[in-house]
Structures are given as C-alpha cells and as structure tokens.
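Hi,

Here is the structure I promised to pass on to you. Have a look at it first, and then read on for my notes on what turned up.

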Amino acid sequence: MDSRADTSRWDRLIRLLRPIHGQAVATARRLSRSAHDGDDLYQDAVLRAYDKLNGLRDESRFRSWFFATLLSRHRSSVRRPRREWLPIEDLLGRREEPVGEDGALWEEERRRAERAARALAGLKPDQREAVVLHDIEGFSVEEVADMQGSTIPAVKSRLTRGRDRLRSFYLRHARESEAPRNETLTAGTMAWPAKERSHE
Amino acid sequence: MNDPSQLDRDFKALRELSARDVPDLDATIETIRRRELESGSTLRNFRRNVMALFHSIRTRPAVAAAVFAVLAVLIAMIVPVSYDKVVGQDVALTVAGKAIGRAEVAGLAQGLKTALGVKEVLVDAFSAKDGPRFVLHTTLPKRSGAEVQRASMDFARALAARGYAASVQVTPHRERVRYPAVAYAFDQIISISIDGKSSAALEQEIRDRLAQAGVPDAQVSVTDAPQGGHEVKLTVQREGNAATPPEPLPQLVLTKNGAPLGGGEGLSVKVQKKKVDGVTSLSVDVTSNGKEGKAEVSNSDTLGDAALANAIATQLRQQGLNVNVTVVGGKISIEPVK
C-alpha cells in the first residue's frame, strides 16, 4: 500500500500534469512508432517523473521538466529492447472511433499521419525529438534546447539534419509512388489504429 | 508529390490523429499505480532507491564528494597494483687476502651470520693476481638500512682489525609486489614526526627512512633555524633516459602534533636534479612560512652559478616566496629573507 507521502506525491503530480496531459500524451505518440508505444512511453515518463518529483523545486518549470523526462525515457526506450506494458485500452475498454465524418477524408488523414510517422521513424532519436517538439508541437528552439539538455546550436543542427532526412524520405517516397507499386509500407513500421469506415 | 506542403499536411494529420482518444489522466495514473502495485517488485524499489541516491548526489555536492571519496577508498583498498617495494637489505661483504682459505671463509660466513642474525650467507669466490677475493652475500628482511649498515660496518671493522681487507656494501632489496593501491600510496609517503627531536636525530631518521624506501643516497641536512624550528635540506640525484625514466621518489611529510607541517616551522627545500637523455633539469621545491613554491630549470648544467641562482630565485619570488638563493659550485643554498 502507498504511504501517505506517496499519495501526497501522486496528488501533486496529477495536479501538475493535468494542464499538459493531452499535449504530453500526443507528443509521446508522435515520438513513437505507434499510438500504443506512445502511451507506453507516456506512462513510463509519468512513473519516472513520480520518482524524481521531490527534486522539482520550481513548479513553474514543470512543463519543460516533464518533457525533458519524456525525452529521456524516449531515448532509453530506443536503446533498450521492447518491454511488455499493460495497454491502457485494457483498462478503459477499446475506444470507438468517432463517427459522422467523411470516411474517405478520414482515411486520407490516417494515410498522411502514417507517412509522417514513418518519415519521423527514420530520424535519429535526438533529431526526431527536435523536429517533433519544434515543428509539430511549436516549442521554441530555446525550449527544445532546455528539454533536451542541449545547446541552441545543437538543436538547430538537429533540426536542419532532421529536415534534410525528411526531405530525402519524401523524395524517395515520390519516386516510389511514380514507379509501379508493389508494396510501399514496411511491415511493422506503423501501427496507427485503423478506423472502420463510417457508413453514414 | 514532393512539394513542401506535403510534409506540412502530413504533420498536420499526425498532429490531429495523435491528439485523438487521449486517455484520461486519472485513468492513466490509476493504470500506472495498479501496475506498480501488481509488479510490486523489489527491482522497482531498488531502481527508485538508486534514483533517489543519484538525485541526492546531484543536489548535494558535499554528499557527492563524500560518496566519491568512500568509493575511491574502497577501490584503492580492492584494486591491486604492482610496484617495487623495499622489503629488506642486501649486504655484500668483500674480503680479500692471500691467506684466506676454505676454512677461513666458512668462519667469516658464520661470523657474518651471527653479527647480522641471518640464517644463510652465499659466497662468491674470485681469483686475482693479488690473491683470492670473496664476496659474502646475504639479505636481511629488516627495512632499516641504517641499522644493517651499522652492524655490517662493525663486522667489517672487526675483520680489518684482524688483518683482512674488508669492505661492505648495503643496498635496499626490492621485490615486485602486488598490493592494493592504498598500500602503494602509504609506501610512497614517508611521514616523520618532528616532535621532541633534535636536528641530528631528525636528520638520521629522514636518512634512514629514505634508505628504507629505496633512496639510500639522499643528501640530507637538518639544522636548527635561527628563529626556531628546523631547516631541512634534501638532495637526491637520479639518472634515466626516455625509455626508462627516473624512478619516482617517495614524498617526505614532516608532522608536528600529528599534523603535516605547512612550512611555518622552518624552511623545507627539496632539490631534484634529473638527467634524461643527457639533458639535466633541476627541480627545487621550497616550503616556507606556509607557502609552497617550485622552481624548475632545464639545462641547468649549462648555467653558471649566478645564472642558476637567479633563475631559481625569480621563479620562487613570482610564487610569493621571499627567499635568498645562492649557488656555489653547483651547490644550492636557499634561505628566507630576514
């Protein structure tokens, strides 16, 4: 059983996490190869944040502190072999996709997201982090440097190299699309949940 | 297909898709806590404790310093290092004379055994025009070279009184040993207390301890300083080359009331002359009035006395040591400015 101190620490963490929870989960997913992996990464980061929470003095810095923890766990997860996690869906029950949208549009969006995730998966972890945080999340270079525990020139360099690699990916993808197509998706690279088409 | 906006559109799609169906925070926390309780593993607690330790180390430099000091001591106590250690004294007694035969040599060996208290003596015999020469070798486990030297000299003098031509040589007996690094560190530091000791007694002890540590040829001089305390002068000469550099010398630490002297009790001068590949360099360590200074002069052999004195004095004064340096015939003398 948790002690009173543990409960108090969890309460504090929940209070601090609540305003950034949605963004942090989304970021974790964008850094990962699948939504499932992203949720695992987020849970791992929360647990680590809980362990280190007593060291956080300035709560106004919580957001960048937590994202730094998330990035640290991201790099660890890249280095270590995959572990089995309890999927959050097991607790919540499988979520239904929203209905009522145009199925073709949604399918196009899913295809685009898959392609972006596949392109990001080809970057080095630190480049992927810089691109996700800056180009997708909208953090400033200074904020990204703070989260990555790095310098501004290093982040700029990661962004430049990361974008170059993304550009190469899209060029390659364009050539493959123009050529007679056998199979463009590599098995296992993507696992974004497929949505059943709306029949409306 | 590769227009720049495609990436933007794909990122937009990823941004929107990954923000959907975000699990509720409370449910997420509940999952994490449940998983933690279910695993409840010792490994998890161990990891947490390790994390807490690292956190303490990062946020408390004093704790970090203490932890690293303890680790360093533990490592020094465990990790062995190989080094040469003086474990005794080799005595070589040379006896010459025409009238020495087998029986006499046996008697001399027995006498040496008794005088030095050893069990074995090896004898080398050499024939020469002026008669046979015998060298009696033995090794004593005692580390005190002065004591062995005294006993050996007494025996040699007794032989001379009986008409033998006898000479004796005592050298430190070194062996390659493998001890923990901490033992090596202790062996490399000679700590001598000056409490209640006269200059002559201190000089003898320094000479003796240096001989034990494998430096039998150090020139040691300890005199009473005019303002009280002692004046210690130590000169050691070592030769080496690029392939085999001079052996490192042990560090001499004088203590008073259990604490190392900071130089306030007098003037301490250590002169080291190194000759490597024919190039002589001079190193002078001075401790005076709590201040330490070091002067290094390369190619010191090519300098005259006045130039050498000037080179040393300039460096020491730059380090805040107010001393007079004189060199006469290559012999360096350093005194505090009165």
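**The two chains**

Chain A has 9 helices and 0 strands. Read from the N terminus, its elements therefore simply run α-α-α-α-α-α-α-α-α. Please keep in mind as you read that this is a predicted model. Of the 200 residues in chain A, 32% are buried. If you take the contacts in chain A between residues at least 6 apart in sequence, 70% of them join residues at least 24 apart.

Chain B has 9 helices as well as 14 strands. It has 338 residues, and 24% of them count as buried. Among its contacts between residues at least 6 apart in sequence, 57% link residues at least 24 apart.

**Where the chains meet**

How many residues of each chain take part in the contact between A and B? On the chain A side there are 39, and they are in contact with 29 residues of chain B. Several helices of chain A give two or more residues to this side: α1 (4-17), α2 (21-31), α3 (35-52), α5 (88-92), α6 (103-121), α7 (125-136) and α9 (152-178). The largest share comes from α3(A), with 8 residues. By type, the chain A residues that touch chain B divide into 21 nonpolar, 12 charged and 6 polar.

**The nonpolar core**

In soluble globular proteins, nonpolar side chains tend to be buried together. Here the largest nonpolar core has 41 residues. The residues with the most contacts inside this core are A:A28, A:Y42, A:A45, A:L70, A:A116, A:L120 and B:L14. At least two core residues each are supplied by α2, α3, α4 (62-79), α6, α7, α8 (141-148) and α9 of chain A, together with α1 (4-18) of chain B. Which element gives the most to this core? That is α3(A), with 7 residues. You may recall α3(A) from the section above, where it gave the largest share of the chain A side that touches chain B.

**Two helix pairs around α2(A)**

Two packed helices are described by the angle between their axes and the distance between the axes. With that in mind, here are two pairs that share α2(A).

The first is α2(A) with α3(A), which pack at an angle of about 125° with their axes 7 Å apart. Because of that angle, α2(A) counts as oblique to α3(A). Their crossing is right-handed. From α2(A), the residues involved are A:A24, A:V25, A:A28, A:R29 and A:L31, and they meet A:A35, A:G38, A:D39, A:L41, A:Y42 and A:A45 in α3(A). The residues of this contact divide into 8 nonpolar, 1 polar and 2 charged. Among them are A:A28, A:Y42 and A:A45, which you have already met in the list of residues with the most contacts inside the core.

The second is α2(A) with α7(A), whose axes come within 10 Å and cross at roughly 135°. That makes α2(A) oblique to α7(A). The crossing of α2(A) and α7(A) is right-handed. A:T27, A:R30 and A:L31 of α2(A) make the contact with A:R128, A:E129, A:V132 and A:I136 of α7(A). Sorted by type, the residues of this contact are 3 nonpolar, 3 charged and 1 polar.

**A pair of loop residues in chain B**

Last, a look at B:L249 and B:V215. B:L249 lies in the loop between β7 (230-240) and β8 (251-256) of chain B, and B:V215 lies in the loop between α8 (199-212) and β6 (219-224) of chain B.

Is B:V215 buried or exposed? It counts as buried, because it has 22 C-beta neighbours inside 10 Å, and 20 or more are needed. B:L249 has 18 C-beta neighbours inside 10 Å, so it counts as partly exposed.

Leaving aside neighbours within four places in sequence, B:L249 is in contact with B:V215 and B:V236. On the same basis, B:V215 touches B:L210, B:V236, B:L249 and B:P250. The C-alpha atoms of B:L249 and B:A213 are 8.7 Å apart, with their positions 36 residues apart along the chain. For B:V215 and B:P172, 43 residues apart along the chain, the C-alpha separation is 8.2 Å.

Best wishes

Terms used
Residues are numbered from 1 along each chain as its sequence is written. Chains are lettered from A and ligands numbered from 1 in the order in which they are written. This is a predicted model: local features need pLDDT of at least 70, side-chain atom pairs count only at pLDDT 80 or more; totals for chains, interfaces and linings use all residues. Two residues are in contact if their C-beta atoms, placed from the backbone, lie within 7 Å. Helices (H or I, at least four residues) and strands (E, at least two) are DSSP runs, numbered from the N terminus. Ala, Val, Leu, Ile, Met, Phe, Trp, Tyr, Cys and Pro count as nonpolar, Asp, Glu, Lys and Arg as charged, and the others, Gly among them, as polar. Axes are lines fitted to C-alpha atoms, for helices over the stretch in contact, and angles run from 0 to 180 degrees between N-to-C directions. Angles under 35 degrees count as roughly parallel, over 145 as roughly antiparallel, 65 to 115 as roughly perpendicular and the rest as oblique. A crossing is left-handed if the near helix is turned anticlockwise from the far one by less than a right angle, and right-handed if clockwise. A nonpolar core is a set of buried Ala, Val, Leu, Ile, Met, Phe, Trp, Tyr and Cys residues joined through C-beta atoms within 7 Å. A residue is buried if 20 or more other C-beta atoms lie within 10 Å of its own, exposed if 12 or fewer, and partly exposed in between; C-beta atoms are placed from the backbone.
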